[in-house]
Amino acid sequence: MTIQPSHHSSCRDDVSAFRKGARISFIGARSFLLEAPGEFDLPSQRLIWAVTGLVAAWDEVAEVIPGMTNLLAILKETPEDPRLFVERLETAWLEARSVDLKGKIIEIPVVYGGEYAADLAALCEHSGLSDREVVRRHHEASYRVFALGSAPGFGYLHGLDPSIYMPRKTVPSLRMERGCVTIGGMQTGVAMLTGPNGWNSIGHADLQMFDPTSSTPALMAPGDVVRFLPERIEL
Amino acid sequence: MIEIVQSGPLNTVQDLGRPGYRAIGVSASGAMDPLSVRLGNALLGNEQGAAAIEVQTFPFIVRFSVAADFVVTGAEGDRLLNDRALIAWCIHRAAAGDVLEIRQPRQGSRAYIAVGNGVDVPVVMGSRSTTLRGGFGGHCGRPLAAGDTLSVMPASDALPRRSIAVVEPALGLKAVFPAMANDTLLVRAVPAGEHELFGADADRFWTQPWRISSQSDRTGYRLSGEPIKPEAPVEMRSHGVVPGVVQVPPSGEPIIQMSDANTAGGYPKIAGVIEGDLWRLGQARIGTKIQFVRSTHAEARAVEQAVDRYVADVSRTAEMIRRALGVIA
């Protein structure tokens, strides 16, 4: 069930005058998904960060999970009528002012190639680039953490050079080691758990990025800037 | 202390879960049948969210090395204390050295052992639940194995616990939950985000029976049945996911996310099981036939409130009886 907002950008302030309505839908009786219209890009994600901040402060909200140009709001109680909350979310979306989170800079040493780079050859074939060139394009870029999810501490990183986009595998690797540096579609990230994984591995990082006993268990947070430092390149 | 004498795979310490950390990729986990945990704790005078042992493979045998009060709730089957049959959903006192055995249930799939004051394992990120995928929480972040010992939380009040029992929720909450019809579990759900994109197949989702396949565990239940497909391929960006959401992967056979649900997903969603019905799925066995029944927010809320009232009532009544018995003693 989807509720499409019917707002027309009539007399709102200039921030939202040209902003299209977000799509709001249910994923459970007390969970609401807001999806930004338009591209998978930093401007959309900045608005999602802004709305996440607003919604997280609302009394009736238990939890907000930012995703990739979307956010999931989980309420403390199931509402009798969901429309009120949907309207509140719509308004928040239209009125939010884009924020650029002042993230920290995280440098991750990586061994490119070598035994963990099981998919580097396939990526060369897919991109038509040499292995050296693939590695160079990966470590020379600067990435933003858009959101965390899927595994404890796993950050979805945006900013991959389009020439090394590589679709997820149709048959996932059954056992990929924790620490593998991977590419999945237009995203890159570092595997947090050893196990089945459909992304393409081109290297390995040893850095510990999640500690459940810490008061801040995840090293990465949305808005952080990530750089990969080539520690060694084994080709 | 409780010593694990014999255990099958995947029996774990669970409480009501670790919500609040999905934004950093941590699943909520928690008991698959939270109602059984809440009721066991309510009888014992514990906090509703005290940690219990979730038993999903049998037989499961423990030895109490100190005297302890306990309740076994959940799946219905034989449970024996020193080979003597025990009444379920009832407080019992084990003496030091007593052995509790829980056998393969006749009905339901998960039994819970709640103990006076709760199982004492370290709180990790606000919960004592085991998260198997993350490998932390519960007992050393892993399933229980023979030889493990679990501490019991020290007593906080001196009220005696007597043989107070409660009727199982299937009876006590009969008016709130639909009975099985034609051997089929009726599961209420609200239509979710991509429901309309399934066209005529969306109707079939509600009307045809589904079966819980053998590829089902605490993470999710894969259903088998006549596949349903969206009218055009749907491309979703990764978004947050909660237990109860019914996703449809390209195969067309839906997956219901359960307690160890991944925190993010991108398959189109056809429905969301109402939270009040999740414990019934948690007790459903592999092979169970289920049918989805279209529900509303108002109904979901009414079910949650009825369940909360029931648990509060059990808690209040048990407390009253304990006090009365305390006076007599």
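Two strands count as paired here if DSSP finds at least two bridges between them. Keep that in mind as you move through this predicted model.

**Stop 1: a hairpin in chain A**

Select residues 61-66 and 70-75 of chain A, which are strand 4 and strand 5. The two run antiparallel and are joined by five bridges. Pick Val61(A) and look across to strand 5: its bridge partner there is Leu75(A). Now go to the turn, where three residues sit between the strands. Check the backbone of Thr69(A), which takes a positive phi near 55°.

**Stop 2: helix 2 of chain A**

Next, select residues 83-95 of chain A, the 13 residues of helix 2. How far apart are the end C-alpha atoms of this helix? They are 18 Å apart, and this agrees with expectation because 13 residues at 1.5 Å a residue should span 18 Å; the expected span uses one less than the number of residues.

Show the side chains of Phe85(A), Leu89(A), Trp93(A) and Leu94(A), the buried residues of the helix. Then colour what covers them, which includes strand 2 (23-28), strand 3 (31-35), helix 1 (42-56) and strand 5 of chain A. You met strand 5 a moment ago, as the partner of strand 4.

**Stop 3: strand 6 of chain A and its two partners**

Select residues 105-113 of chain A for strand 6, along with strand 14 at residues 225-234. These strands run parallel, with nine bridges between them. Ile105(A) stands opposite Val225(A) of strand 14.

Add strand 13 of chain A, residues 200-204, which runs antiparallel to strand 6 and is joined to it by two bridges. Here, Tyr112(A) faces Gly203(A).

**Stop 4: the contact between chains A and B**

Bring both chains into view. The contact takes 40 residues from chain A and 37 residues from chain B. On the chain B side, the elements giving two or more residues are strand 13 (184-191), strand 16 (239-240), strand 20 (269-273) and helix 5 (297-328). Helix 5 of chain B gives the largest share, five residues. Colour this side by residue class and you should find 16 nonpolar, 13 polar and eight charged.

**Stop 5: the largest nonpolar core**

In soluble globular proteins, nonpolar side chains tend to be buried together. The largest nonpolar core here has 150 residues, and Leu43(B), Ala52(B) and Ala114(B) touch the most other members.

Finish by centring on Leu43(B). Beyond its neighbours within four places in sequence, Leu43(B) contacts Val71(B), Ile91(B), Ile164(B), Val166(B), Val314(B) and Ala318(B).

Key: Residues numbered from 1 in each chain as written. Chains lettered and ligands numbered in written order. Predicted model: local features only at pLDDT ≥ 70, side-chain atom pairs only at ≥ 80, totals over all residues. Helix = DSSP H or I, 4+ residues; strand = E, 2+ residues; numbered from the N terminus. Contact = placed C-beta atoms within 7 Å. Nonpolar A, V, L, I, M, F, W, Y, C, P; charged D, E, K, R; others polar. Core = buried A, V, L, I, M, F, W, Y, C linked by C-beta atoms within 7 Å. Buried ≥ 20, exposed ≤ 12 C-beta atoms within 10 Å, placed from the backbone.
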